Amino acid sequence: MAQLSESVTLDREGDVAVITIDNPPVNALSWHVRQGLADGFAQAVEGGASAIVLICAGRTFIAGADISEFGQKPQGPSLHDTQLAMENAPVPVIAAIHGTALGGGLEVALCAHYRVALDSSKFGLPEVNLGLLPGAGGTQRLPRLVGVPKALDMMTSGRHIGAAEALGDGLIDEMVEGDHDALRNAALAFAARAVANNMPLAKVRDRDEKVAEARGNEQLFADFRATIARKTRGFLAPEYNVRCVEAAANLPFDEGLQVEAELFRELVTGSQSAAQRYYFFAERAANKIPDVPKDTPLVDIQRVGVLGAGTMGGGIAMNFANIGIPVTIVERDLESLDRGLGVVRKNYERSRSTTAEQVEQRMSLLTGSTDKADFADCDLVIEAVFEDMELKKSVFAELDQICKPGAIMASNTSFLDIDEIASATSRPESVIGMHFFSPANVMKLLEVIRGEQTSASVIATAMALGKQIKKVAVLSRVCPGFIGNRILAQRRFEADRLILEGATPEQVDRVLYDFGLPMGPFAMMDLAGLDIGWKAETSKGSTVRDILCESGRRGQKNGRGYYTYDPETRAATPDPEVVAMIREFAISKGYEQREVTDQEVLERCLYPMINEGAKILDEGVAIRGSDVDVVWVNGYGWPVYRGGPMFWADSVGLPEVVAKIREYGERLDGDHWELSPLMEKLATEGGQLHQFSN
Ligand code: TC6
């Protein structure tokens with residue numbers, strides 16, 4: 001066996017050469033992998049191999065380009081040269097695939113003459129999620145194998161397809177059951193057959209029939225663009241991917257490659273992809289807790305308990321049923337329990353990705369009860385009762401009596417003090433916050449809140465469970481509102497003041513929507529319900545929200561809030577009556593009315609958020625700046641092509657942000673204009689918030 005580089009070896013099985021990549025953790029195409037591959041193909045051919053098998057060691061086939069090399073000085077041979085060596089090899093090249101063949105990995109496999117894959121393997125071009133397109137020929141080769149509609153779908157969604165689907169689409173030539181040895185043997189047997197039968201050296205680039213079907217069909221592309229418009233608003237990469245597929249359909253292969261190269265260059269040097277690549281690593285960093293080592297023993301979670309079968313409790317329970325963990329759901333009475341379970345069933349039935357059989361299987365994992373004593377055999381209990389400290393404390397005191405030793409007791413509170421809740425138990429080390437976002441079965445964010453005494457094992461288990469249920473978990477310490485809602489509160493305060501000074505709710509919402517957020521604060525309040533937390537008796541006419549509620553406006557649910565809603569379509573229309581009410585109220589409170597510019601709206605809504613994020617870092621509530629970004633991207637829809645609030649502030653420039661906060665702070669009151677010492681220091685020293693780590 002010859003070691004060709006630190007990660008690639010070449011050996012022989014009879015007269016078939018086997019090139020093996022071993023570059024943990026995911027066999028990314030680092031420079032030494034490309035070097036080894038280039039040498040490997042050259043040496044195999046020189047050595048007179050009759051065929052060449054390319055296979056990977058470890059958990060997966062190549063998962064893509066090495067993202068950490070983007071933006072660095074190029075080293076070693078280019079991927080393009082490596083691919084040419086493969087595609088032009090004078091003997092059959094067979095890619096043997098297990099795990100995930102993603103991005104550049106799939107693009108390498110597309111340069112083999114044949115592809116053999118384990119039945120558990122997955123395929124995808126997820127570059128779009130990094131603000132990119134498959135710039136190693138993938139945009140031209142994939143449509144030639146799977147056809148234009150499928151390629152458009154895969155490239156603009158980044159979704160992975162399974163082996164059976166890949167076989168049906170013609171992406172792979174053979175599917176193999178079994179383990180890695182079975183794969184290797186099948187690839188060797190394929191190679192032997194290819195040689196014995198003189199099979200052609202099939203180059204994907206030469207295939208034309210599937211792209212020809214879409215040639216000149218402008219409507220096909222126009223229709224496709226319309227279907228993804230809403231989901232991809234503001235992103236450049238999806239559109240660029242579509243243009244590449246258009247080129248694949250309409251241009252000869254080499255010209256298509258040129259289009260791909262130009263558009264790739266534009267994306268990879270642009271700000272969106274820089275933000276999205278940063279974000280990829282930010283999400284993975286969030287899992288790393290400095291004082292909770294990777295090998296911390298986990299609590300074995302065999303059964304979960306959920307207290308409360310309302311929207312939140314039901315949604316939380318679904319997450320566990322989805323991965324096969326049985327759940328005990330406890331409600332006050334049978335009627336509420338039945339209603340809650342009914343909603344869960346409906347949610348499953350409505351979901352297109354759940355088959356009828358899966359609905360039944362998941363529902364069978366949910367056991368309803370009206371007795372908390374049934375939590376006795378649960379390894380984790382999550383309460384989702386009303387947000388009231390006394391209620392939570394009495395619930396935890398009860399759970400303390402019921403739960404078995406070592407069980408985790410979690411609160412889904414969105415702002416209450418976990419330490420105070422834990423003080424109601426005899427085992428604060430077992431108490432933690434697990435803050436799901438509504439709808440809990442859909443939203444990706446899970447804020448995990450560690451109390452002063454929460455044990456390392458409980459923290460590690462909550463974080464690991466987050467990943468298992470396909471959430472992105474971020475650790476926070478205790479403070480009112482934790483990371484996400486604490487930042488949100490600052491924006492709301494300023495938005496409320498802006499409409500008193502003369503901006504309209506519609507203007508504020510539009511500015512934030514155009515920035516890339518899914519909706520602005522007033523549309524969001526209408527959606528949540530204006531009367532949430534509103535107490536008719538105590539809050540007479542002291543805020544705009546109060547006067548709207550008093551006039552019977554409740555938000556979307558009764559068709560009237562800051563906006564008026566069409567009963568059929570739920571489309572929002574700005575309401576002159578509301579604008580007049582706000583104006584009258586503002587004047588009565590002494591606010592001078594003036595034109596507010598969009599720029600001022602943006603700065604006054606976003607800069608206090610940045611300031612608060614920095615304070616959260618100052619106080620050690622979040623571990624790192626990137627964690628704040630992960631919370632805001634996953635929990636509140638901050639556009640990932642702007643990285644997150646901390647990354648965005650750095651891209652604006654901290655000295656500029658600091659100067660503006662000082663300027664506004666001179667004329668506006670409120671703690672949220674008091675500058676974070678950390679941000680001030682970073683701005684002076686040329687530091688960055690998104691790179692800050694406690
Ligand atoms: C591309 O190919 C462009 C081509 C154009 C050609 C010019 N590079 O996610 P996990 C690390 S673009 C470097 O926790 P999983 C990751 O940071 C690329 N590092 O594992 C983590 O490191 P840590 C297109 C990478 O089992 C570790 O591997 N490809 C890369 O949950 C484990 O990762 C993609 O976009 C990489 N490409 O999921 C695929 N990938 O342990 C991106 C991972 O030090 N990757 N790492 O924190 C994935 O989707 C997933 O990682 C996975 C494995 C499905 C491969």
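This dialogue goes through salt bridges and exposure in a predicted model.

User: What should I know about the numbering and the model before I begin?

Analyst: Residues are numbered from 1 along each chain as its sequence is written, and side-chain values use heavy atoms, with hydrogens and water left out. The model is predicted, so that local features need pLDDT of at least 70 and side-chain atom pairs count only at pLDDT 80 or more, while totals for chains, interfaces and linings use all residues.

User: How many salt bridges does a search of the whole structure find?

Analyst: Side chains of opposite charge can pair when their charged atoms come close. A salt bridge is a side-chain nitrogen of Lys or Arg within 4 Å of a carboxyl oxygen of Asp or Glu, and the search of the whole structure finds 48.

User: Which residue forms a salt bridge with Glu 501, and where do the two lie?

Analyst: The partner of Glu 501 is Arg 604, with the closest N and O atoms 2.8 Å apart. Glu 501 lies in helix 19 (residues 484-501) and Arg 604 in helix 24 (residues 598-618), so the pair ties together parts that are 103 residues apart in sequence; helices here are DSSP runs (H or I, at least four residues), numbered from the N terminus.

User: Is Glu 501 buried or exposed?

Analyst: Buried means under 20% relative accessible area, exposed over 50%, and partly exposed in between, using a 1.4 Å probe and protein chains only. Glu 501 counts as buried at 8% relative accessibility, and Arg 604 is buried at 0%, whereas Glu 335 in helix 14 (residues 334-350) counts as exposed at 60%.
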